[in-house]
Number of protein chains: 2
Amino acid sequence: MRDLAGRPELLALNTATLGHREPLAGVIDAVAAAGFGAIAPWRHDLDESQAAAEGKRIRDAGLKVSGYCRTAYLSAPDAAGRAAAVADNVRALHAAAELGAECFVAVVGGLAAGSRDCADSRKQILDGLAQLAETAAELKVPIALEPLHPAYAADRSLLCTTAQALQWCGQLDPDGRGDFGVCLDAYHVWWDPERAASIAAAKGRIMGYHVCDWLVPTRDILLDRGMPGDGVIDLRSLRAEVEAAGWDSWVEVEIFSAEDWWKRPKEEVLATCVERMTSLC
Amino acid sequence: MRDLAGRPELLALNTATLGHREPLAGVIDAVAAAGFGAIAPWRHDLDESQAAAEGKRIRDAGLKVSGYCRTAYLSAPDAAGRAAAVADNVRALHAAAELGAECFVAVVGGLAAGSRDCADSRKQILDGLAQLAETAAELKVPIALEPLHPAYAADRSLLCTTAQALQWCGQLDPDGRGDFGVCLDAYHVWWDPERAASIAAAKGRIMGYHVCDWLVPTRDILLDRGMPGDGVIDLRSLRAEVEAAGWDSWVEVEIFSAEDWWKRPKEEVLATCVERMTSLC
């Protein structure tokens with residue numbers, strides 16, 4: 001397991017951590033100044049028609065792009081909605097390529113609006129992902145399937161566990177070309193009784209590792225995630241498992257915290273992330 | 001799959017649905033009058049020293065006791081705390097026997113206070129459950145392990161999936177004597193990508209089937225559960241899976257709804273439960 005002490009360059013900053021309060025251009029220098037080695041922007045942080053210029057700005061600041069967040073949801077009540085989602089995701093893949101992103105993060109969607117049929121919505125999602133495979137391969141931007149905590153199954157992601165993500169990788173990329181992999185987020189996977197085995201099985205498929213913490217109590221299931229160290233996730237053990245499965249790239253901090261960290265100055269947030277991750281987690 | 005139309009006697013009412021606003025004695029007649037065939041009380045609904053009398057009162061009203069809720073959490077920071085939980089659960093098993101309960105429902109506990117070690121807390125829980133086996137067998141009150149939604153892993157239950165509950169049953173009751181089984185609750189299991197296979201594998205181990213619904217949005221992860229039919233769970237499909245796995249007893253309605261159903265008159269709540277379950281779910 002790597003020692004992150006004094007090595008903030010092994011960290012990535014997901015811009016959700018700063019609450020999307022200002023455009024990407026405004027945060028790049030602060031992220032670089034705090035010592036991070038990479039940044040992961042969200043689509044709404046930038047004008048995608050300027051993605052190449054934004055990518056250059058990021059590189060000029062000495063940063064890499066650990067990932068680009070995220071897919072439009074792929075389940076929808078009708079074929080037109082599903083086709084629109086695929087088309088939107090193709091556009092995002094092109095932007096991800098222009099940014100120089102290591103991967104495009106897939107948050108796949110929950111139940112199609114009006115549906116109670118998990119199996120059908122999962123099939124829609126898999127169909128949509130399959131339609132992105134060719135673009136991902138052409139652009140050399142792999143798609144990182146991120147299982148989300150089952151608390152989001154209804155409205156954000158019917159991809160709920162690491163094991164399920166690996167099964168989907170096998171279906172979408174049976175030859176292991178690497179166009180699909182998994183993004184593991186501590187918040188989403190920590191509770192899983194099959195966690196250790198699933199992460200070990202992800203060897204060679206891991207494309208991202210995100211961290212924040214699970215607060216007790218959790219006041220809001222979406223927007224009350226904790227700064228690493230403030231909650232109950234065994235982040236060091238989890239990182240050990242992920243690194244034992246071959247992950248040797250950035251540890252990405254992604255914190256949704258509407259009532260706490262999103263209200264603090266970005267410099268304080270960034271410094272705290274670095275301090276916690278290089279000393280504690 | 002059974003047709004519940006006109007058969008409210010196949011329903012059980014878990015008293016949590018009424019918000020624990022009055023002692024058990026006050027709700028028994030209303031539950032019977034609404035047509036339910038069984039009731040599932042919680043420990044704090046009654047004076048356990050009077051459990052035999054309460055059991056008689058329930059029988060005299062023409063009801064059975066589908067289950068008794070629920071175990072004290074079995075994880076704790078020290079051995080004294082764990083021993084106290086076991087002793088408390090032994091007392092509850094005696095009360096369950098006096099009530100005539102079909103099972104004692106186990107909500108096993110989350111991380112021990114101050115711990116981030118899921119494996120260690122799970123071991124504590126399994127050790128505690130094993131210590132209850134003899135009493136459960138003597139009293140002929142089996143323990144129904146209820147996997148809870150992973151949203152509760154930190155503070156309520158590190159037993160998170162049906163598959164995990166079955167694995168624990170195998171460890172606790174390797175010879176299939178029936179002292180341990182599983183209680184399936186729609187709210188907790190609906191999202192599981194392994195749902196169908198796990199429920200099929202539960203054949204012969206199912207000791208309870210609870211229903212409520214998952215609302216979108218969910219305003220409070222503990223206390224904003226929905227009346228069946230008001231949310232996104234495919235309750236008919238789920239019941240079909242549970243019944244295909246051999247379950248032929250009560251469908252128990254258990255709704256935690258602090259801001260909605262708990263504020264309505266109990267007669268309205270009970271009538272709505274019966275109407276929904278006998279027509280829709």
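Gly229 of chain A lies in the loop between strand E8 and helix H8 of that chain. I should say at once that what we are looking at is a predicted model. Setting aside neighbours within four places in sequence, Gly229(A) is in contact with Asp213(A), Leu235(A), Arg276(A), Leu280(A) and Cys281(A), and also with Arg116(B), a residue of the other chain named here. As for Gly110(A), it stands 119 residues from Gly229(A) in sequence, and the two C-alpha atoms are 30 Å apart in space.

The loop that holds Gly229(A) also holds Pro217(A), again between E8 and H8 of chain A. What kind of peptide bond joins Val216(A) and Pro217(A)? That bond is cis, with omega about -5°.

Chain A offers two further points of backbone geometry. From Cys69(A) to Arg70(A) the peptide bond is cis, with omega near -10°. Arg70(A) belongs to the loop between E4 and helix H3, residues 79-99, of chain A. Lys140(A), which is not a glycine, has a positive phi of about 55°. Its place is the loop that links helix H4 (118-139) to strand E6 (143-145) in chain A. For context, most residues other than glycine have a negative phi, and most peptide bonds are trans.

Let me turn to the sheet of chain A. Nine strands make up an open sheet, in the order E3-E2-E1-E9-E8-E7-E6-E5-E4, with parallel pairing. Which strands of chain A form the edges? They are E3 (64-65) and E4 (68-69), each of which pairs on one side only. Within the sheet, strand E1 (residues 11-14) of chain A runs parallel to strand E9 (residues 251-253) of chain A, and three bridges join them. Opposite Ala12(A) stands Glu252(A) of E9(A).

Two helices of chain A pack on this sheet. Helix H8 (residues 235-244) touches strand E7 (180-185), strand E8 (206-211) and E9, and its direction makes about 175° with that of E8(A). Helix H9 (residues 266-279) touches E1, E8 and E9 of chain A, with a direction at about 140° to that of E1(A).

In chain B, nine strands likewise form an open sheet with parallel pairing, and the order is E3-E2-E1-E9-E8-E7-E6-E5-E4. Strand E3 (64-65) and strand E4 (68-69) of chain B stand at its edges; each has a single partner strand, so one side of each is left without a neighbour in the sheet. Strands E5 (residues 104-106) and E6 (residues 143-145) of chain B run parallel and are joined by three bridges. There, Ala106(B) has Leu145(B) of E6(B) as its bridge partner. In general, strands of a sheet pair through backbone hydrogen bonds, either parallel or antiparallel.

Next, a pair of helices in chain B. Helix H2 (residues 51-60) and helix H3 (residues 79-99) of chain B pack at an angle of about 35°, and their axes are 7 Å apart. The crossing of H2(B) and H3(B) is right-handed. On the H2(B) side, the contact is made by Ala51(B), Ala52(B), Glu54(B), Gly55(B), Ile58(B) and Arg59(B); on the H3(B) side, by Ala95(B), Glu98(B) and Leu99(B). By class, the residues of this contact are five nonpolar, one polar and three charged.

I close with the largest pocket, whose volume is about 440 Å³. Which residues lie nearest its centre? Among the 25 that line the pocket, these are Thr218(A), Asp220(A) and Ile221(A), together with Asp220(B) and Ile221(B). The lining of the largest pocket comprises 15 nonpolar, two polar and eight charged residues.

How values were computed:
Residues are numbered from 1 along each chain as its sequence is written. Chains are lettered from A and ligands numbered from 1 in the order in which they are written. This is a predicted model: local features need pLDDT of at least 70, side-chain atom pairs count only at pLDDT 80 or more; totals for chains, interfaces and linings use all residues. Side-chain values use heavy atoms; hydrogens and water are left out. Axes are lines fitted to C-alpha atoms, for helices over the stretch in contact, and angles run from 0 to 180 degrees between N-to-C directions. Helices (H or I, at least four residues) and strands (E, at least two) are DSSP runs, numbered from the N terminus. A crossing is left-handed if the near helix is turned anticlockwise from the far one by less than a right angle, and right-handed if clockwise. Contact means heavy atoms within 4.5 Å. Ala, Val, Leu, Ile, Met, Phe, Trp, Tyr, Cys and Pro count as nonpolar, Asp, Glu, Lys and Arg as charged, and the others, Gly among them, as polar. On a 1 Å grid over the protein atoms alone, a cavity is a set of points where a 1.4 Å probe fits but cannot get out, and a pocket is an open set with protein on both sides within 12 Å along at least five of seven lines; lining residues have an atom within 4 Å of a point. Grid points are joined across faces, edges and corners, and a volume is the space filled by probe spheres set on the points. Two strands pair if DSSP finds at least two bridges between them.
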